[in-house]
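Got the viewer open? Keep the selection box handy, and we'll go from stop to stop.

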Amino acid sequence: MTEIAVLLAEYRAKNAPSAVERLAFVGVADKDVYNITAPFVVAEGVAVIAGRVESRDSEMAEIGFFEKRESSWVWLDGMPELALQDPFVTRIDGEWIIGGVEVFPSEADPAKLAWRTCLYRGAQLADLTLFFQGPVGMKDLRLKQLTNGDIAVFTRPQGEKGGRGKIGFCLVKNLADVTIELIEAAPLLAPHFAENEWGGANEIHVLKNGKLGILAHIANFDTAGNRHYYAAICVIDPQDGTIVAPMEIISERGDFLAGPSKRPDLVDVVFSGGLIRKPDGTADLYVGISDADAQKRTIRDPFVKFEG
């Protein structure tokens, strides 16, 4: 477990400038699109991005699906209406799994908000149906099917078990095994975030050697209460849930283009969305910026060095 200040110093010592691009979205009027997924291919030649679509002064979001057309990402009509934040996508047993965070009035105090991760499945994006609602209070629940068919489950408890938010992990044989009880009981990975810091898994990559590369975020507060989020990675062995490569930062806010922020305390936020690994040893990192913007940065593939 290494504190962000140390990880950031290590990252800055080796970081190099790289190509950065702001993504343009069409069809959302004056709303922001951020906390995007990486593009995923739904049909031959058709790449889609899912993004959090939201007014600047609101937390009430919906997931929008956007198709690449020339230099822009264009809103797709006819998609399910998903009132969720922070979308993620994976494939399990030949189906699309789309998830996000549902926000709703707290049962204990309706004046406050509660949240949970919701999962949808379908052979096509237009046919998505809800199949699971996670524990109240848990974001960053992620699933990934391994080459042997098992499903890796990543959790993020908070409170007595997880503090401000740590990553838990377990394996199941099929989606029917994913229950609230299983998620709440999932063991935490070995210490990976310092006590006053937090983070979660955003996207999982099966590496050539069978290990799991985790694209994550790691975050903390400063003394003024401002949030600081960084894109990070680590690698685990799915057979025993051990960390084989500890957390390292792969991007910070200063690596990206200047732009708007939802609030002053969210200026220094990079929220990992997805990573497209490329044959030339680079990778395109897709991120949300300052809770108001979406950008892509081309970096060295952070997982290559763990595959040999």
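A word on labels before the clicking starts: helices (H or I, at least four residues) and strands (E, at least two) are DSSP runs, numbered from the N terminus. This is a predicted model, in which local features need pLDDT of at least 70 and side-chain atom pairs count only at pLDDT 80 or more, while totals for chains, interfaces and linings use all residues. Residues are numbered from 1 along each chain as its sequence is written, and side-chain values use heavy atoms, with hydrogens and water left out.

**Stop one: the largest pocket**

Select Q85, K139, R227, Y229 and D291, the lining residues nearest the centre of the largest pocket. The full lining runs to 24 residues. How much space lies in this pocket? About 690 Å³. Here is how a pocket is found: on a 1 Å grid over the protein atoms alone, a pocket is an open set of points where a 1.4 Å probe fits, with protein on both sides within 12 Å along at least five of seven lines, and lining residues have an atom within 4 Å of a point. Grid points are joined across faces, edges and corners, and the volume is the space filled by probe spheres set on them.

Now colour strand 8 (85–92), strand 9 (95–105), strand 10 (113–122), strand 16 (212–221) and strand 17 (227–237): each of them supplies at least two residues of the lining. Colouring by residue class instead splits the lining into 10 nonpolar, 4 polar and 10 charged residues. In that split, Ala, Val, Leu, Ile, Met, Phe, Trp, Tyr, Cys and Pro count as nonpolar, Asp, Glu, Lys and Arg as charged, and the others, Gly among them, as polar.

**Stop two: a histidine in strand 16**

Stay with strand 16 and pick H217. Is H217 buried or exposed? Its relative accessible area is 1%, so H217 is buried (buried means under 20%, exposed over 50%, partly exposed in between, with a 1.4 Å probe and protein chains only). Show N202 as well: the two side chains make a polar contact at 2.8 Å. Such a contact is a pair of N or O atoms within 3.5 Å; within protein, one must be able to donate a hydrogen and the other to accept it, and residues adjacent in sequence count only if both atoms are side-chain atoms.

**Stop three: rings on rings**

A search of the whole structure turns up 6 aromatic pairs. Rings of Phe, Tyr and Trp (its six-membered ring) pair if their centres lie within 6.5 Å; planes under 30 degrees apart count as stacked, over 60 as edge-to-face and the rest as tilted.

Select F25 and F66. Their ring centres are 4.9 Å apart and their planes at 70 degrees, so this pair is edge-to-face. F25 sits in strand 2 (residues 25–26) and F66 in strand 6 (residues 62–69), so to speak a link between distant parts of the chain, 41 residues apart. F25 is buried at 16% relative accessibility, and F66 is buried at 0%. Add W75 to the selection and you have one aromatic cluster of F25, F66 and W75.

Next, F154 and F169. Their centres lie 5.0 Å apart with planes at 50 degrees, so the pair is tilted. F154 belongs to strand 13 (residues 151–155) and F169 to strand 14 (residues 168–172), 15 residues apart. Both are buried: F154 at 0% and F169 at 7%.

**Stop four: charges over rings**

Select R91 with W96: the charged end of R91 sits over the W96 ring, 4.3 Å from its centre. Then try R121 with F131, where the charged end of R121 sits over the ring, 5.2 Å from the centre. The test asks for NZ of Lys or CZ of Arg within 6 Å of the ring centre and within 35 degrees of the ring normal.

**Stop five: positive phi**

Go to the loop between strand 2 and strand 3 (32–34) and pick A29. A29 is not a glycine, yet has a positive phi of about 55 degrees. It is exposed at 78% relative accessibility. In the loop between strand 3 and strand 4 (40–43), select N35. Its phi is positive too, near 45 degrees, but N35 is buried at 4%.

**Last stop: a distance to draw**

Find I250 in strand 18 (residues 242–251), buried with a relative accessible area of 7%. Draw a line to R300: C-alpha to C-alpha, the two are 9.2 Å apart in space and 50 residues apart in sequence.
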